[in-house]
Amino acid sequence: MALGTNRARILDALAIEIDELLAAANGTGYAHALSTARGTSLDNVGDLFGITRDVDETDANFRLLLSQLITVYTAAGTKLAIRTFLAALLDIELTTVKIYETTPGNIIINMPLSVEDREDYINSLINDIIAAGVHASLVFSNTFWDSPDVKWDTDDDWE
């Protein structure tokens, strides 16, 4: 086909439009991929999981939080996955999050006092990531579980 024909001009115009369409499609894909999403696009990925970022949270920190959440969902709510997610979310040491299974279907999650002000937020997340039929209770303290002075008396009161 000769370069100056009407068909060539139409094909050239279509090629430019197709290139622009492909670039836009690739951009949309990158905006939804966790590893490449930024700003509002990253917030949209968080919306898929029902997670919003803190006011001053950077893209890198929010991306880490979302990747931890994906790990929790894919690990089916194992104790380690829940601990890892909560530690990353709250920016605390993994060793400060302890989970005890008191009876089948009941867990107690012990966390440091420093995050007690976020209890409602933590509870809402925990209810989303634990298995159906499991009840979780939060306890906030620094040494409660390890203290030799804490024990049950016969009246089920703390001594």
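**Exercises on a predicted model**

Among the elements of the protein chain, helix α1 (residues 6-32) has the lowest mean pLDDT, 62, and β2 has the highest, 89; pLDDT is the predictor's confidence in each residue, from 0 to 100. This is a predicted model, in which local features need pLDDT of at least 70 and side-chain atom pairs count only at pLDDT 80 or more, while totals for chains, interfaces and linings use all residues. Residues are numbered from 1 along each chain as its sequence is written, and side-chain values use heavy atoms, leaving out hydrogens and water.

**Exercise 1.** State the mean pLDDT of the protein chain.

*Solution.* The mean is 75, and 71% of the residues reach 70 or more. Where pLDDT is low, the predicted coordinates should not be read in detail.

**Exercise 2.** Determine the order of helices and strands in the protein chain.

*Solution.* Helices (H or I, at least four residues) and strands (E, at least two) are DSSP runs, numbered from the N terminus. The chain has five helices and three strands. Along the sequence they follow the pattern α-α-α-α-β-β-α-β.

**Exercise 3.** Describe the largest nonpolar core.

*Solution.* A nonpolar core is a set of buried (under 20% relative accessible area, 1.4 Å probe, protein chains only) Ala, Val, Leu, Ile, Met, Phe, Trp, Tyr and Cys residues joined through side-chain atoms within 4.5 Å. The largest one has 30 residues, and Leu 86 is among those with the most contacts inside it. Elements giving two or more residues include α3 (59-74), β2 (106-111) and β3 (135-140). The largest share, six residues, comes from α4.

**Exercise 4.** List the residues that Leu 86 touches, not counting those up to four places away in sequence.

*Solution.* Contact means heavy atoms within 4.5 Å. Leu 86 touches Ile 92, Val 97, Ile 109, Met 111, Ile 122 and Ile 126.

How values were computed. Buried < 20%, exposed > 50% of the residue type's maximum accessible area, 1.4 Å probe, protein only.
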